[in-house]
Every structure is written in structure tokens, then in C-alpha cells.
Amino acid sequence: MPRRALRLLLSGRVQGVGFRHFTRREAEALGLAGTVANLPDGRVEIEVAGEPEALEDFRRRVAQGPRFADVREIEESEIEPAEEWEGFRVVYR
């Protein structure tokens with residue numbers, strides 16, 4: 001199957017609850033590449049690439065989030081996968 005990439009913008013209680021590190025662990029477990037970052041407006045931005053089935057599983061996992069998170073909304077858009085993406089990392093802005 002072809003590799004796909006998504007940008008996910010998550011709203012709710014998604015900062016200060018370990019969301020970025022949770023996201024990195026879940027992405028690594030599924031063999032996905034990309035980045036996760038907190039945004040100044042309180043949302044979390046995820047850019048992730050991989051096999052479509054793994055991306056669907058990943059989306060379900062981040063919709064649940066870590067224990068103290070409360071994901072209220074996910075904005076999703078398809079993006080072009082960046083060739084330099086190797087592994088998954090937390091980005092600090």
C-alpha cells in the first residue's frame with residue numbers, strides 16, 4: 001500500500017498531560033514517522049506518515065489520548081509526506 005501522511009490538530013485538554021510523549025510512543029509502536037508539537041493556542045499538532053492501516057490505528061489511539069487528556073476535536077488534513085522524516089520526534093517550539 002502507498003505511504004500516506006496526515007496533519008492532525010487536536011483540541012481539548014491536550015497540553016500539560018504528557019500528550020506529546022504519548023504520541024511519540026504510539027507512533028513508534030506502529031512504525032510511523034513524523035512530528036508532534038504543542039501550539040501556542042493550546043492545541044497539539046501532529047504530522048505523521050506511514051501505511052494507511054497504521055495511520056487509522058494511530059488516529060484512534062490519539063483520539064483517546066493519555067490518561068489525563070480530554071480530546072474534544074481533531075481537525076484532519078492529508079499532506080505530502082516529507083522525504084526526510086525518519087522516526088518520530090517531539091518538536092519544541
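How many residues does α2 have, and how far does α2 reach from its first C-alpha to its last? I shall open with that helix and then move outward through the structure. Please keep in mind throughout that this is a predicted model.

The helix α2 has 13 residues, and from its first C-alpha to its last it reaches 19 Å. That value is close to the 18 Å expected at 1.5 Å a residue. Its buried residues are P52, A54, L55, F58 and V62. They cover an arc of only 150° around the axis, and therefore they lie on the same side of α2. As general background, an α-helix has 3.6 residues a turn, so residues three or four places apart point the same way. The other side of α2 carries E53, R60 and Q64, which are exposed. Against what do the buried residues of α2 pack? Their partners are β1, α1, β3 and β4. After the helix comes G65, with a positive phi near 75°.

Let me turn to the other helix that I wish to discuss, α1, which spans residues 19-29. Its buried residues are F19, R20, F22, T23, E26 and A27. Here the arc around the axis is only 160°, which puts these residues on the same side of α1. They pack against β1, β2, β3, α2, β4 and β5. Just after α1, the residue G31 takes a positive phi of about 75°.

I come now to the strands. The strand β1 covers residues 4-13, and β3 covers residues 44-50. These two pair in the antiparallel sense, over seven bridges. Within that pairing, R7 stands opposite E47 in β3. The strand β1 is also joined to β4, residues 70-79, by nine bridges, and this pair likewise runs antiparallel. There, G12 stands opposite V71 in β4.

With helices and strands in place, we may consider the interior. Which residues touch the most other members of the largest nonpolar core? Of its 23 residues, they are L10, F19, I46 and F58. At least two residues of this core are supplied by each of β1, α1, β3, α2, β4 and β5. The largest share, four residues, comes from α2. Apart from this core lies another, of six residues, among them A33, A49, I79 and A82.

Two members of the largest core deserve individual attention. L10 is found in strand β1. Is it buried or exposed? L10 is buried, because its relative accessible area is 0%. Leaving aside residues up to four places away in sequence, L10 touches F19, R43, V44, I46, V62, V71, E73 and I74. Its C-alpha atom is separated by 9.8 Å from that of D70, a residue 60 places away along the chain. The second member is F58, one of the buried residues of α2. With residues up to four places away in sequence again not counted, F58 touches L8, T23, E26, A27, L30, L32, I46 and V48.

Next, a charged residue in strand β3, E45. E45 counts as buried because its relative accessibility is 13%, and the limit for that term is under 20%. The side chains of E45 and R7 are joined by a polar contact of 3.4 Å. Beyond its neighbours within four places in sequence, E45 is in contact with R7, L8, L9, T35, V36, A37, L39 and R93.

Finally, I should like to mention two loop residues. V17 sits in the loop between β1 and α1. V17 is buried, since its relative accessible area is 15%. Residues up to four places away in sequence aside, V17 touches P66, F68 and A69. The last of these, A69, is 52 residues from V17 in sequence, yet the two C-alpha atoms are 5.9 Å apart in space. The other loop residue is E51, located between β3 and α2. At 40% relative accessibility, E51 counts as partly exposed. E51 and R3 are 48 residues apart along the chain, and their C-alpha atoms are separated by 5.0 Å.

To close, I return to the opening helix: α2 has its buried residues on the same side and gives the largest core its largest share of residues. Thank you for your attention.

Definitions and conventions:
Residues numbered from 1 in each chain as written. Predicted model: local features only at pLDDT ≥ 70, side-chain atom pairs only at ≥ 80, totals over all residues. Heavy atoms only, no water. Buried < 20%, exposed > 50% of the residue type's maximum accessible area, 1.4 Å probe, protein only. Contact = heavy atoms within 4.5 Å. Polar contact = N/O pair within 3.5 Å; in protein donor to acceptor, adjacent residues only side chain to side chain. Pairing = 2+ DSSP bridges. Core = buried A, V, L, I, M, F, W, Y, C linked by side-chain atoms within 4.5 Å. Expected span 1.5 Å × (residues − 1). Arc of directions from axis to C-beta.
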